[in-house]
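This report describes selected parts of one model, beginning with exposure and ending with the ligand site.

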Amino acid sequence: MRLDRFLAETTQLTRSLAKKALHRGEVSVNGVVIKQPASQVEVTDRVEWDGQPLALVGLRYVMLNKPADVECSARRGLYPRAVDLIDLPKAERLQTVGRLDVDTTGLVLLTDDGQWSHRVSSPRKRCAKVYLATLAEPLADEALAAAAQHFAEGMLLEGEDKPTLPAELVMRSSYEAELTLYEGRYHQVKRMFAAIGNHVTMLHRESVGPLSLGNLAVGEWRELSDDEVAMFT
Ligand code: URA
């Protein structure tokens with residue numbers, strides 16, 4: 001990797017500020033001051049800026065218990081972003097694996113490993129996502145049986161030409177629905193309940209594949225263990 005890029009990756013410097021720091025002689029590689037931005041560095045090289053050792057951040061895998069009023073977006077908008085809650089170096093490089101709506105709470109995964117993200121979110125991988133939806137209208141008896149059948153068979157949502165993948169509906173109480181999806185379309189849970197004439201007033205994601213929130217408090221995050229990362233193959 002070029003030295004100026006290495007500096008931009010490992011510090012707050014932009015590429016052009018990195019070049020200036022290099023020209024000022026502030027950067028050394030294996031104890032030798034290097035001024036050329038195009039000079040190549042290897043992972044085994046010892047790079048220092050103003051005497052401080054620099055290291056590339058590896059791939060990171062994080063789970064967050066997202067509060068309401070937090071956006072799963074890379075761009076800054078009206079609300080704080082999920083990455084703003086993650087106290088890791090270069091956290092803005094993390095991307096959410098799929099998205100939860102701003103008012104949806106619960107389990108969000110973030111990573112800078114694009115291939116892993118794809119493995120978790122691709123519908124082909126059939127990774128189960130469990131949602132708890134609070135409904136405006138109670139759902140029971142024949143209406144429940146009909147809804148469960150629609151969801152299990154797959155339904156055509158407005159504006160789409162492919163039916164949803166089979167989903168499982170179980171009621172925890174007459175207003176509280178547990179819905180398991182194997183894909184992640186835009187506003188999917190809310191649209192599925194809207195399609196059967198109901199309305200989701202609160203939505204929470206409890207788990208993604210084998211990962212669930214456990215005792216992670218709202219707004220808290222933690223890095224996944226190697227075993228947890230390896231669960232998505
Ligand atoms: N389905 C929705 O409607 N919203 C979410 O945030 C996630 C799934």
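A residue counts as buried under 20% relative accessible area, as exposed over 50%, and as partly exposed in between. The model is predicted, and these classes are used throughout the text below.

**Two residues with positive phi**

Asn 30 is found in the loop between β1 and β2 (32-33). Its relative accessibility is 39%, so Asn 30 counts as partly exposed. Most residues other than glycine have a negative phi. Asn 30 departs from this pattern, with a positive phi near 50° in a residue other than glycine.

Arg 126 also has a positive phi, near 50°, and is likewise a residue other than glycine. Arg 126 lies in the loop between α3 (114-121) and β8 (129-135). With a relative accessibility of 48%, Arg 126 counts as partly exposed.

**Helix α1 and Gln 36**

Helix α1 spans residues 3-10 and is mostly covered, with six of its eight residues buried. Those buried residues are Leu 3, Asp 4, Phe 6, Leu 7, Ala 8 and Thr 10. They pack against one helix, α2 (15-23), and against the strands β1 (27-29), β3 (47-49) and β4 (52-54).

Leu 3 also appears in the surroundings of Gln 36: leaving out residues up to four places away in sequence, Gln 36 touches Leu 3 and Leu 22. Gln 36 is found in the loop between β2 and β3. Its relative accessible area is 49%, and Gln 36 is therefore partly exposed. Between the C-alpha atoms of Gln 36 and Leu 144 the distance is 69 Å, and the two residues are 108 residues apart in sequence.

**Ser 117 in helix α3**

Ser 117 lies in helix α3. Why does Ser 117 count as buried? Its relative accessibility is 16%, and the limit for a buried residue is under 20%. When neighbours within four places in sequence are set aside, Ser 117 is in contact with Val 97 and Thr 111.

**The ligand site**

The space taken by the ligand is the largest pocket. Around the ligand are Leu 100, Asp 101, Thr 104, Tyr 131, His 187, Gln 188, Val 189, Lys 190 and Leu 203. Helix α5 (residues 188-195) provides the largest share of this shell, three residues.

The table lists polar backbone atoms that lie at short range from polar atoms of the ligand.

| Residue (backbone atom) | Ligand atom | Distance |
|---|---|---|
| His 187 (N or O) | oxygen | 3.2 Å |
| Val 189 (N or O) | nitrogen | 3.0 Å |
| Lys 190 (polar backbone atom) | oxygen | 3.1 Å |

Taken alone, the ligand exposes 240 Å², and the protein buries 96% of that area.

**Asp 101 and its partners**

One of the residues around the ligand is Asp 101, which lies in the loop between β6 (95-96) and β7 (105-111). Is Asp 101 buried or exposed? Asp 101 counts as buried because its relative accessibility is 19%, where the limit is under 20%.

The side chain of Asp 101 makes a polar contact with the side chain of His 187 at 2.9 Å. A polar contact also joins the side chains of Asp 101 and Lys 190, at 2.7 Å. Both partners are listed among the residues around the ligand, and both have a backbone atom in the table, at 3.2 Å from a ligand oxygen atom for His 187 and at 3.1 Å for Lys 190. Leaving aside neighbours within four places in sequence, Asp 101 is in contact with Lys 66, Val 70, His 187 and Lys 190.

**Tyr 186**

His 187 has a further side-chain partner: the side chain of Tyr 186 makes a polar contact with the side chain of His 187 at 3.0 Å. Tyr 186 is found in the loop between β10 (176-181) and α5. At 60% relative accessibility, Tyr 186 counts as exposed. The C-alpha atom of Tyr 186 is separated by 9.6 Å from that of Gly 98, while the two residues are 88 residues apart along the chain.

Taken together, the side chain of His 187 makes polar contacts with the side chains of Asp 101 and Tyr 186. Of these two partners, Asp 101 counts as buried and Tyr 186 counts as exposed.

Terms used: Residues numbered from 1 in each chain as written. Predicted model: local features only at pLDDT ≥ 70, side-chain atom pairs only at ≥ 80, totals over all residues. Heavy atoms only, no water. Buried < 20%, exposed > 50% of the residue type's maximum accessible area, 1.4 Å probe, protein only. Helix = DSSP H or I, 4+ residues; strand = E, 2+ residues; numbered from the N terminus. Contact = heavy atoms within 4.5 Å. Near = heavy atom within 4 Å. Polar contact = N/O pair within 3.5 Å; in protein donor to acceptor, adjacent residues only side chain to side chain. Areas by Shrake-Rupley, 256 points an atom, 1.4 Å probe, with all protein chains shown as cover. 1 Å grid on protein atoms, 1.4 Å probe; cavity = no way out; pocket = protein on both sides within 12 Å on 5 of 7 lines; lining within 4 Å. Sits in = over half its atoms within 2 Å of the grid points.
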